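Colleague: I have this model open on my screen and would like a close look at one part of it. Could you walk me through the small sheet and whatever packs on it, and then set that beside the rest of the chain?

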Amino acid sequence: MYSEEHLYSIALRQCNFIGDINFSKLVNSFGSAKSVWETSKKVLSKTDGVGTKTVSDIGNSEHLKFAEKELLFCEKNSIKINLRHQNELPYLLKECDDAPAILYQKGNFENNSNPVSLVGTRNITSYGKKFIEDFFEEAKSYPFISVSGLALGVDREVHEQSLTHHIPTIGVLAHGFHTLYPSKNRKLSEKILEENGGLLTEFNSSRKPDRENFIQRNRIVAGISPATIVVETAFGGGSISTATFANTYNRDVFSLPGKITDKFSQGCNHLIFQNKATAISTIKDLLDLLGFNNSKHQIEELFPHVEISIQLSENQELIYKKIVENPHISLDDLAEKISLPSHKILPVILELELLAKVKSFSGRQFTAI
(Lines give C-alpha, C1' and ligand atoms only; values in the text may rest on other atoms or scores of the structure.)
Protein backbone atom coordinates (compact mmCIF):
# COMPACT_ATOMS: atom_id res chain seq x y z
CA MET A 1 0.00 0.00 0.00
CA TYR A 2 2.85 2.37 0.82
CA SER A 3 6.22 2.78 -0.86
CA GLU A 4 9.71 3.81 0.20
CA GLU A 5 8.91 7.25 -1.18
CA HIS A 6 6.08 7.62 1.33
CA LEU A 7 8.47 6.70 4.13
CA TYR A 8 11.19 9.16 3.10
CA SER A 9 8.67 11.91 2.32
CA ILE A 10 7.25 11.76 5.85
CA ALA A 11 10.76 11.70 7.35
CA LEU A 12 11.91 14.63 5.20
CA ARG A 13 8.83 16.72 5.99
CA GLN A 14 9.41 16.06 9.70
CA CYS A 15 12.87 17.70 9.59
CA ASN A 16 13.40 21.12 11.14
CA PHE A 17 13.41 23.95 8.55
CA ILE A 18 11.84 21.73 5.85
CA GLY A 19 8.45 23.21 5.10
CA ASP A 20 6.34 22.55 2.02
CA ILE A 21 8.25 24.98 -0.20
CA ASN A 22 11.74 23.77 0.78
CA PHE A 23 10.52 20.19 0.44
CA SER A 24 9.44 20.91 -3.14
CA LYS A 25 12.70 22.67 -4.00
CA LEU A 26 14.78 19.72 -2.83
CA VAL A 27 12.61 16.98 -4.30
CA ASN A 28 12.38 18.78 -7.65
CA SER A 29 16.16 19.14 -7.70
CA PHE A 30 17.02 15.57 -6.72
CA GLY A 31 14.07 13.64 -8.11
CA SER A 32 12.65 12.03 -4.97
CA ALA A 33 12.48 12.33 -1.20
CA LYS A 34 14.63 9.20 -0.90
CA SER A 35 17.34 10.77 -3.07
CA VAL A 36 17.28 13.93 -0.96
CA TRP A 37 17.60 11.84 2.22
CA GLU A 38 20.60 9.93 0.84
CA THR A 39 22.45 12.94 -0.63
CA SER A 40 25.17 14.65 1.40
CA LYS A 41 24.27 17.88 3.17
CA LYS A 42 27.11 19.64 1.38
CA VAL A 43 25.51 18.87 -1.99
CA LEU A 44 21.97 19.59 -0.75
CA SER A 45 22.96 23.02 0.57
CA LYS A 46 23.95 24.11 -2.95
CA THR A 47 20.34 23.89 -4.10
CA ASP A 48 19.04 27.29 -5.23
CA GLY A 49 17.31 28.99 -2.30
CA VAL A 50 18.43 26.34 0.20
CA GLY A 51 21.29 26.85 2.65
CA THR A 52 23.31 24.87 5.19
CA LYS A 53 20.90 25.55 8.06
CA THR A 54 17.91 24.36 6.04
CA VAL A 55 19.41 20.92 5.39
CA SER A 56 21.05 20.48 8.81
CA ASP A 57 18.39 18.09 10.14
CA ILE A 58 18.07 15.90 7.03
CA GLY A 59 19.24 12.34 7.67
CA ASN A 60 18.22 12.36 11.33
CA SER A 61 17.42 8.72 12.12
CA GLU A 62 14.73 9.73 14.62
CA HIS A 63 12.65 11.18 11.78
CA LEU A 64 12.93 7.91 9.86
CA LYS A 65 11.75 6.00 12.93
CA PHE A 66 8.82 8.40 13.24
CA ALA A 67 7.96 7.85 9.56
CA GLU A 68 7.92 4.09 10.06
CA LYS A 69 5.44 4.47 12.94
CA GLU A 70 3.36 6.89 10.88
CA LEU A 71 3.04 4.39 8.04
CA LEU A 72 1.82 1.76 10.50
CA PHE A 73 -0.70 4.25 11.90
CA CYS A 74 -1.95 5.10 8.41
CA GLU A 75 -2.24 1.44 7.43
CA LYS A 76 -4.18 0.62 10.60
CA ASN A 77 -6.60 3.51 10.04
CA SER A 78 -7.06 3.18 6.24
CA ILE A 79 -5.42 6.53 5.53
CA LYS A 80 -4.27 7.32 2.01
CA ILE A 81 -1.03 9.32 1.71
CA ASN A 82 -0.99 11.73 -1.26
CA LEU A 83 2.38 13.16 -2.35
CA ARG A 84 2.46 16.43 -4.23
CA HIS A 85 5.63 15.60 -6.18
CA GLN A 86 3.93 12.46 -7.50
CA ASN A 87 0.91 14.48 -8.72
CA GLU A 88 -1.44 12.91 -6.18
CA LEU A 89 -2.98 16.11 -4.80
CA PRO A 90 -6.36 17.47 -5.99
CA TYR A 91 -5.73 19.12 -9.35
CA LEU A 92 -6.25 22.76 -8.29
CA LEU A 93 -4.47 22.45 -4.95
CA LYS A 94 -1.27 21.07 -6.44
CA GLU A 95 -0.88 24.24 -8.54
CA CYS A 96 -0.55 26.44 -5.43
CA ASP A 97 3.05 27.41 -4.65
CA ASP A 98 2.63 26.55 -0.99
CA ALA A 99 0.57 23.39 -1.46
CA PRO A 100 1.21 20.68 1.15
CA ALA A 101 3.98 18.26 0.30
CA ILE A 102 1.90 15.50 1.90
CA LEU A 103 -1.89 15.30 2.15
CA TYR A 104 -3.41 12.56 4.30
CA GLN A 105 -6.87 11.37 3.26
CA LYS A 106 -9.71 9.29 4.64
CA GLY A 107 -12.67 8.53 2.41
CA ASN A 108 -13.14 9.86 -1.10
CA PHE A 109 -12.18 12.88 -3.14
CA GLU A 110 -12.88 12.59 -6.84
CA ASN A 111 -10.39 14.61 -8.87
CA ASN A 112 -12.94 15.22 -11.63
CA SER A 113 -15.46 16.69 -9.17
CA ASN A 114 -16.56 20.30 -9.00
CA PRO A 115 -15.59 21.52 -5.51
CA VAL A 116 -17.05 24.65 -3.88
CA SER A 117 -15.67 25.88 -0.55
CA LEU A 118 -18.03 27.43 2.00
CA VAL A 119 -16.64 28.98 5.17
CA GLY A 120 -17.69 31.23 8.02
CA THR A 121 -17.90 31.95 11.71
CA ARG A 122 -18.40 29.41 14.49
CA ASN A 123 -21.10 31.78 15.81
CA ILE A 124 -23.56 31.23 13.00
CA THR A 125 -26.75 33.31 13.09
CA SER A 126 -30.22 32.47 11.76
CA TYR A 127 -29.38 34.63 8.71
CA GLY A 128 -26.33 32.56 7.81
CA LYS A 129 -28.13 29.29 8.52
CA LYS A 130 -31.04 30.24 6.25
CA PHE A 131 -28.65 31.19 3.44
CA ILE A 132 -26.88 27.81 3.63
CA GLU A 133 -30.20 25.94 3.69
CA ASP A 134 -31.45 27.87 0.66
CA PHE A 135 -28.16 27.47 -1.22
CA PHE A 136 -28.13 23.68 -0.91
CA GLU A 137 -31.83 23.43 -1.74
CA GLU A 138 -31.29 25.40 -4.96
CA ALA A 139 -27.99 23.68 -5.85
CA LYS A 140 -28.97 20.08 -5.06
CA SER A 141 -29.60 19.12 -8.69
CA TYR A 142 -26.12 20.18 -9.82
CA PRO A 143 -23.04 17.91 -9.63
CA PHE A 144 -20.63 19.41 -7.09
CA ILE A 145 -19.01 18.67 -3.76
CA SER A 146 -18.82 21.03 -0.79
CA VAL A 147 -15.63 21.77 1.12
CA SER A 148 -15.36 23.25 4.61
CA GLY A 149 -13.29 23.04 7.78
CA LEU A 150 -15.40 20.70 9.97
CA ALA A 151 -15.57 23.32 12.73
CA LEU A 152 -18.71 24.39 14.57
CA GLY A 153 -21.10 27.01 13.20
CA VAL A 154 -21.01 27.62 9.45
CA ASP A 155 -18.73 24.66 8.71
CA ARG A 156 -20.97 22.20 10.53
CA GLU A 157 -24.07 23.56 8.81
CA VAL A 158 -22.38 23.21 5.40
CA HIS A 159 -21.52 19.56 6.02
CA GLU A 160 -24.94 18.75 7.47
CA GLN A 161 -26.85 20.39 4.61
CA SER A 162 -24.63 18.51 2.14
CA LEU A 163 -25.56 15.22 3.77
CA THR A 164 -29.25 16.16 3.87
CA HIS A 165 -29.23 16.81 0.12
CA HIS A 166 -26.99 13.81 -0.73
CA ILE A 167 -24.11 16.01 -1.88
CA PRO A 168 -20.61 14.64 -1.11
CA THR A 169 -18.72 16.87 1.32
CA ILE A 170 -15.06 17.25 2.31
CA GLY A 171 -13.85 18.26 5.77
CA VAL A 172 -10.35 19.73 6.00
CA LEU A 173 -8.80 19.22 9.44
CA ALA A 174 -6.30 21.31 11.41
CA HIS A 175 -4.71 18.29 13.10
CA GLY A 176 -3.74 14.68 12.51
CA PHE A 177 -6.13 11.75 12.23
CA HIS A 178 -5.31 10.55 15.74
CA THR A 179 -7.94 12.92 17.13
CA LEU A 180 -11.03 14.89 16.09
CA TYR A 181 -11.54 18.52 17.03
CA PRO A 182 -14.08 19.64 18.01
CA SER A 183 -15.15 16.31 19.51
CA LYS A 184 -18.82 17.33 19.01
CA ASN A 185 -18.30 16.71 15.30
CA ARG A 186 -17.05 13.12 15.62
CA LYS A 187 -20.38 11.57 14.60
CA LEU A 188 -20.65 14.09 11.76
CA SER A 189 -17.18 13.11 10.50
CA GLU A 190 -18.20 9.44 10.51
CA LYS A 191 -21.36 10.28 8.59
CA ILE A 192 -19.34 12.22 6.00
CA LEU A 193 -17.23 9.12 5.32
CA GLU A 194 -20.30 6.87 5.19
CA GLU A 195 -21.92 9.13 2.58
CA ASN A 196 -19.08 9.03 0.03
CA GLY A 197 -17.34 12.16 1.33
CA GLY A 198 -13.84 12.57 2.70
CA LEU A 199 -11.56 14.06 5.32
CA LEU A 200 -8.23 15.69 4.44
CA THR A 201 -5.31 16.97 6.50
CA GLU A 202 -1.68 17.90 5.92
CA PHE A 203 -0.86 17.13 9.56
CA ASN A 204 0.55 13.81 10.73
CA SER A 205 -0.51 11.99 13.88
CA SER A 206 1.88 13.99 16.09
CA ARG A 207 0.12 17.27 15.36
CA LYS A 208 -2.52 18.57 17.76
CA PRO A 209 -5.15 21.21 16.87
CA ASP A 210 -2.89 24.14 17.78
CA ARG A 211 -4.14 27.62 16.98
CA GLU A 212 -1.66 28.29 14.14
CA ASN A 213 -2.76 25.09 12.38
CA PHE A 214 -6.19 26.54 11.62
CA ILE A 215 -4.81 29.37 9.49
CA GLN A 216 -2.54 26.87 7.72
CA ARG A 217 -5.57 24.61 7.16
CA ASN A 218 -7.50 27.48 5.58
CA ARG A 219 -5.14 27.68 2.61
CA ILE A 220 -6.14 24.13 1.66
CA VAL A 221 -9.84 25.00 1.88
CA ALA A 222 -9.16 27.95 -0.45
CA GLY A 223 -6.75 26.18 -2.78
CA ILE A 224 -8.78 23.07 -3.41
CA SER A 225 -11.73 24.89 -5.04
CA PRO A 226 -12.17 27.35 -7.90
CA ALA A 227 -14.57 29.34 -5.70
CA THR A 228 -14.92 30.17 -2.01
CA ILE A 229 -18.14 31.46 -0.43
CA VAL A 230 -17.82 33.42 2.82
CA VAL A 231 -21.16 33.11 4.62
CA GLU A 232 -20.65 35.06 7.85
CA THR A 233 -17.54 36.40 9.58
CA ALA A 234 -16.55 39.20 11.92
CA PHE A 235 -13.59 41.54 11.39
CA GLY A 236 -10.42 39.48 11.68
CA GLY A 237 -12.26 36.15 11.64
CA GLY A 238 -10.51 33.03 10.36
CA SER A 239 -12.60 33.12 7.18
CA ILE A 240 -10.87 36.36 6.21
CA SER A 241 -7.63 34.38 5.91
CA THR A 242 -9.39 31.81 3.73
CA ALA A 243 -10.64 34.58 1.42
CA THR A 244 -7.14 36.11 1.34
CA PHE A 245 -5.61 32.77 0.33
CA ALA A 246 -8.27 32.36 -2.37
CA ASN A 247 -7.43 35.83 -3.73
CA THR A 248 -3.74 34.94 -3.75
CA TYR A 249 -4.50 31.79 -5.74
CA ASN A 250 -6.59 33.79 -8.23
CA ARG A 251 -9.80 32.00 -7.22
CA ASP A 252 -13.30 33.45 -7.13
CA VAL A 253 -14.53 34.71 -3.76
CA PHE A 254 -18.18 35.43 -2.95
CA SER A 255 -19.38 37.08 0.24
CA LEU A 256 -22.84 37.27 1.80
CA PRO A 257 -23.52 40.93 2.69
CA GLY A 258 -25.46 41.92 5.78
CA LYS A 259 -26.33 44.85 8.03
CA ILE A 260 -23.36 47.01 8.96
CA THR A 261 -24.46 46.73 12.60
CA ASP A 262 -24.36 42.92 12.57
CA LYS A 263 -21.02 41.75 13.98
CA PHE A 264 -20.83 38.60 11.86
CA SER A 265 -21.62 40.42 8.63
CA GLN A 266 -18.97 43.09 9.11
CA GLY A 267 -16.13 40.91 7.83
CA CYS A 268 -18.17 39.93 4.77
CA ASN A 269 -19.08 43.55 4.06
CA HIS A 270 -15.43 44.58 4.38
CA LEU A 271 -14.31 41.94 1.86
CA ILE A 272 -16.83 43.37 -0.61
CA PHE A 273 -15.78 46.96 0.17
CA GLN A 274 -12.12 46.08 -0.49
CA ASN A 275 -13.03 44.38 -3.80
CA LYS A 276 -11.75 41.08 -2.40
CA ALA A 277 -15.11 39.38 -2.88
CA THR A 278 -18.19 39.61 -5.09
CA ALA A 279 -21.39 40.43 -3.22
CA ILE A 280 -24.04 37.72 -3.29
CA SER A 281 -27.28 39.32 -4.44
CA THR A 282 -29.45 36.24 -4.99
CA ILE A 283 -28.76 32.52 -4.86
CA LYS A 284 -29.75 32.22 -8.53
CA ASP A 285 -27.11 34.80 -9.47
CA LEU A 286 -24.57 32.98 -7.31
CA LEU A 287 -25.31 29.67 -9.04
CA ASP A 288 -24.92 31.41 -12.41
CA LEU A 289 -21.51 32.77 -11.37
CA LEU A 290 -20.48 29.32 -10.15
CA GLY A 291 -21.39 27.95 -13.58
CA PHE A 292 -24.23 25.79 -12.25
CA ASN A 293 -27.11 27.30 -14.20
CA ASN A 294 -26.00 26.26 -17.67
CA SER A 295 -28.45 27.77 -20.16
CA LYS A 296 -27.79 24.80 -22.45
CA HIS A 297 -30.26 22.72 -20.40
CA GLN A 298 -32.97 25.39 -20.71
CA ILE A 299 -32.46 25.74 -24.46
CA GLU A 300 -32.69 21.98 -24.99
CA GLU A 301 -36.11 22.00 -23.39
CA LEU A 302 -37.34 24.30 -26.19
CA PHE A 303 -35.32 23.06 -29.16
CA PRO A 304 -34.22 19.54 -30.10
CA HIS A 305 -30.51 18.90 -29.89
CA VAL A 306 -28.70 18.59 -33.21
CA GLU A 307 -25.18 17.21 -33.26
CA ILE A 308 -22.90 19.31 -35.48
CA SER A 309 -19.60 17.82 -36.59
CA ILE A 310 -16.75 20.34 -36.51
CA GLN A 311 -13.60 19.62 -38.48
CA LEU A 312 -10.59 20.56 -36.33
CA SER A 313 -7.21 21.60 -37.67
CA GLU A 314 -4.18 19.39 -36.97
CA ASN A 315 -3.04 21.52 -34.02
CA GLN A 316 -6.57 21.82 -32.64
CA GLU A 317 -7.02 18.05 -32.85
CA LEU A 318 -3.68 17.38 -31.12
CA ILE A 319 -4.37 19.75 -28.22
CA TYR A 320 -8.02 18.75 -27.89
CA LYS A 321 -7.11 15.05 -27.72
CA LYS A 322 -4.58 15.65 -24.93
CA ILE A 323 -7.13 17.65 -22.92
CA VAL A 324 -9.70 14.86 -23.36
CA GLU A 325 -7.16 12.32 -22.10
CA ASN A 326 -6.11 14.55 -19.17
CA PRO A 327 -9.08 16.37 -17.58
CA HIS A 328 -8.13 19.61 -15.78
CA ILE A 329 -4.64 19.55 -17.27
CA SER A 330 -2.54 22.64 -16.61
CA LEU A 331 -0.97 24.73 -19.38
CA ASP A 332 2.56 23.73 -18.31
CA ASP A 333 1.70 20.02 -18.30
CA LEU A 334 0.00 20.33 -21.68
CA ALA A 335 3.04 22.08 -23.14
CA GLU A 336 5.26 19.28 -21.86
CA LYS A 337 3.06 16.50 -23.22
CA ILE A 338 2.85 17.86 -26.78
CA SER A 339 6.30 19.53 -26.88
CA LEU A 340 5.00 22.97 -27.83
CA PRO A 341 5.67 26.26 -26.03
CA SER A 342 2.73 27.64 -24.05
CA HIS A 343 2.52 30.83 -26.12
CA LYS A 344 1.70 28.71 -29.19
CA ILE A 345 -0.85 26.60 -27.33
CA LEU A 346 -2.93 29.45 -25.85
CA PRO A 347 -4.30 30.80 -29.19
CA VAL A 348 -5.38 27.27 -30.17
CA ILE A 349 -7.11 26.78 -26.83
CA LEU A 350 -8.96 30.07 -27.39
CA GLU A 351 -10.14 28.72 -30.75
CA LEU A 352 -11.32 25.50 -29.07
CA GLU A 353 -13.16 27.53 -26.44
CA LEU A 354 -14.94 29.51 -29.16
CA LEU A 355 -15.90 26.18 -30.76
CA ALA A 356 -17.29 25.08 -27.37
CA LYS A 357 -14.87 22.15 -27.29
CA VAL A 358 -12.83 23.22 -24.26
CA LYS A 359 -13.50 25.05 -21.00
CA SER A 360 -10.84 26.89 -18.99
CA PHE A 361 -10.62 27.25 -15.21
CA SER A 362 -8.68 29.38 -12.75
CA GLY A 363 -4.97 28.60 -12.63
CA ARG A 364 -4.76 27.90 -16.38
CA GLN A 365 -6.51 24.52 -16.16
CA PHE A 366 -8.46 23.08 -19.08
CA THR A 367 -11.03 20.37 -19.61
CA ALA A 368 -12.95 19.08 -22.63
CA ILE A 369 -16.67 19.80 -22.88
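Modeller: Happy to; here is the sheet, followed by the cores and two single residues. Please keep in mind that this is a predicted model.

Let's start with the sheet. Three strands make it up, in the order β10-β12-β11, and the sheet is open with antiparallel pairing. The edge positions belong to β10 (329-330) and β11 (358-361); each has a single partner strand, so one side of each has no neighbour in the sheet. Between β10 and β12 (residues 365-368) there are 2 bridges, and these strands run antiparallel. If you want a spot to click on, take Ser330, whose bridge partner in β12 is Gln365.

Now add the helices. α15 (residues 314-325) lies across β10, β11 and β12, and its direction makes an angle of about 90° with β12. Helix α17 (residues 342-354) lies across β11 and β12, running at about 120° to β11.

Next, the nonpolar cores. The largest has 37 residues, and those touching the most other members are Ile10, Leu12, Trp37, Ile58, Ile81 and Tyr104. Elements that each supply at least two residues of this core include α1 (4-14), α2 (20-30), β1 (80-83) and β2 (102-107). The most comes from α6, which gives 6 residues. In soluble globular proteins, nonpolar side chains tend to be buried together.

Ile81 is a good one to zoom in on. Leaving aside residues up to four places away in sequence, Ile81 touches a set of residues, among them Tyr2, His6, Ile10, Leu71, Cys74 and Tyr104. There is also a second, separate core of 24 residues, which includes Cys96, Ala99, Ile220 and Tyr249.

Finally, two single residues that differ in how covered they are. Thr54 sits in helix α5 (residues 52-55). Thr54 counts as buried because its relative accessibility is 15%, and the cut-off for buried is under 20%. Beyond residues up to four places away in sequence, Thr54 touches Asn16, Phe17, Ile18 and Asn22.

Asp97, by contrast, is in the loop between β1 and β2. With 66% relative accessibility, Asp97 counts as exposed. Its contacts, again not counting residues up to four places away in sequence, are Ile21 and Arg84. To place Asp97 against another point in the chain, Asp97 and Ala356 are 259 residues apart in sequence and 31 Å apart in space, C-alpha to C-alpha.

Terms used: Residues numbered from 1 in each chain as written. Predicted model: local features only at pLDDT ≥ 70, side-chain atom pairs only at ≥ 80, totals over all residues. Heavy atoms only, no water. Helix = DSSP H or I, 4+ residues; strand = E, 2+ residues; numbered from the N terminus. Buried < 20%, exposed > 50% of the residue type's maximum accessible area, 1.4 Å probe, protein only. Contact = heavy atoms within 4.5 Å. Core = buried A, V, L, I, M, F, W, Y, C linked by side-chain atoms within 4.5 Å. Pairing = 2+ DSSP bridges. Axes fitted to C-alpha atoms, helices over the stretch in contact; angles between N-to-C directions.
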